[in-house]
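Please look over the sequence and the model below before reading on. The paragraphs after it are meant to be followed with the structure in view.

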Amino acid sequence: RTPLRCAGRFMASAEGEESETQPLTPNRGEERGAGWSESSVLKYGSLGLVIVQNSSHVLLLRYSRVAGGECEGYVTSVAVLFAELLKLTFCCATILFCLEGGPCATLARLKTDIWDRKLDTLKVAVPALCYTVQNNLQFIAASHLEAALLQLLYQTKTLSTAIFGVVILSKSLRCNQWLALCVLVAGVVTAQWSQQGAANGGSKGDMTGVLAALGVSVCSGFASVYLEKILKGDKTSLWVRNVQLCIFSIPLQLFAVWQRDWGKVQSQGWLHGFCPVTWAVVCMFAFGGLLVAVVIRFADNNLKNLAMAIAIILSCLASIPLFNFQPNQVFWSGAALVIASIFLYAWQPKARESTSYLPVQGGEMSSPSRK
């Protein structure tokens, strides 16, 4: 099987050059320059991309639902369908670009990884269903909740992932992780309580949005744990895996369009209400997850947690001028608890260093005799 070479081509060449040309006593100025040109740029560039993706996700989604004008009335199920089609096209094009041999080699690779491994491909149907439901629920949540509150509610996926990990994978959580989950729930409840009875949403609309956001977290947590269970040790590339997911998600989304919005599509057309903001949302759904999956390997856990905390703060601050959002002190207290839970959950206490002593014979302890 011909391997996909794009993922590791840059790192392999960099390591090879270092092993051949690195002197025994490198210049510290050159060492710092090389660090900033490679690892540091990749690390902090990844941090910036994750911040932009996480913060812009809820902002764009909320803005597309309340902007009005030419964007008003677009069919959300069609937007999700176009995102899946765009993702499938992009993944196939990436495989074609990275794989030697042209279209024939690409088709042979897809046949080997998808058709010849039918059982493994069928296993992906369950997370594909979860992701399809999750994407549709995100539009429902964004239609009823402010972007800042929606960003906080999305963090409950940590809770659902942890619970499913304990139940399905028999994982064990540390005491600080259980405490972090309790702090997370307290923060989300506090933030939601502070916004109860807002003028734009109302109690019924708020409850619909909250249930939809919690459904997003449950679907995301279950899908990630399920994939971890069935794909443990699997060497399938990211691009082929997403092609497998699209094989199931596109028919499921077509069924959702036919069941929910077929009348609107027939009367208004497929592209009714699609403005630049709508297409930005489509691209975000298509490429957001792929972007995070690619760049996240260059950032450590501390940077990932920092990126999520900054994204929460930016989403809250940007919601003030964009949506006339008016957070109170109770909301900021809830947001602070959610941010604190992120770092508390990832914190790993250092193991105590055990000092081992070698047994010493009694004769060696005695002082030498004087002559």
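What follows moves from the protein as a whole to a pair of helices, and then to single residues in helices and loops.

This is a predicted model, and its secondary structure comprises 16 helices and 0 strands. The protein has 371 residues, of which 40% count as buried, and the exposed surface comes to about 21000 Å², with carbon and sulfur atoms supplying 63% of that area. Among the contacts with a separation of 6 or more, 88% are accounted for by residues 24 or more positions apart.

One helix pair can be followed in detail. Helix α3, residues 76–98, packs with helix α4, residues 102–115, at an angle of about 120°, and their axes are 9 Å apart; the crossing in which α3 passes α4 is right-handed. On the α3 side the residues that take part are Cys92, Ile95 and Leu96, and these meet Gly102, Pro103, Thr106 and Leu110 of α4. Sorted by class, this contact has 5 nonpolar and 2 polar residues, and no charged ones.

Further along the chain comes helix α8, which runs over residues 157–168. Its 12 residues, at 1.5 Å a residue, should span 16 Å, and because the end C-alpha atoms lie 16 Å apart, the expected span and the modelled one agree. Within α8, Ser160, Ala162 and Gly165 are buried.

After α8 comes Ser170, with a positive phi, in the loop that leads from α8 to α9, residues 175–194. Most residues other than glycine have a negative phi. The phi of Ser170, in contrast, is near 55°. Is Ser170 buried or exposed? With a relative accessibility of 61%, Ser170 counts as exposed, because the cut-off for that class is over 50%.

Asn324 is another residue other than glycine with a positive phi, again near 55°. Asn324 lies in the loop between α14, residues 301–323, and α15, and its relative accessibility of 57% means that Asn324, too, counts as exposed.

Helix α15 itself, residues 329–346, holds Ser341. Ser341 has a relative accessible area of 4% and is therefore buried, since that class takes in values under 20%. Which residues does Ser341 contact, once its neighbours within four places in sequence are left aside? They are Ala180, Val183 and Leu184.

Terms used
Residues are numbered from 1 along each chain as its sequence is written. This is a predicted model: local features need pLDDT of at least 70, side-chain atom pairs count only at pLDDT 80 or more; totals for chains, interfaces and linings use all residues. Side-chain values use heavy atoms; hydrogens and water are left out. Helices (H or I, at least four residues) and strands (E, at least two) are DSSP runs, numbered from the N terminus. Buried means under 20% relative accessible area, exposed over 50%, partly exposed in between (1.4 Å probe, protein chains only). Contact means heavy atoms within 4.5 Å. Accessible areas come from the Shrake-Rupley method with a 1.4 Å probe; for residues, only the protein chains shown count as cover. Axes are lines fitted to C-alpha atoms, for helices over the stretch in contact, and angles run from 0 to 180 degrees between N-to-C directions. A crossing is left-handed if the near helix is turned anticlockwise from the far one by less than a right angle, and right-handed if clockwise. Ala, Val, Leu, Ile, Met, Phe, Trp, Tyr, Cys and Pro count as nonpolar, Asp, Glu, Lys and Arg as charged, and the others, Gly among them, as polar. The expected span of a helix is 1.5 Å times one less than its number of residues.
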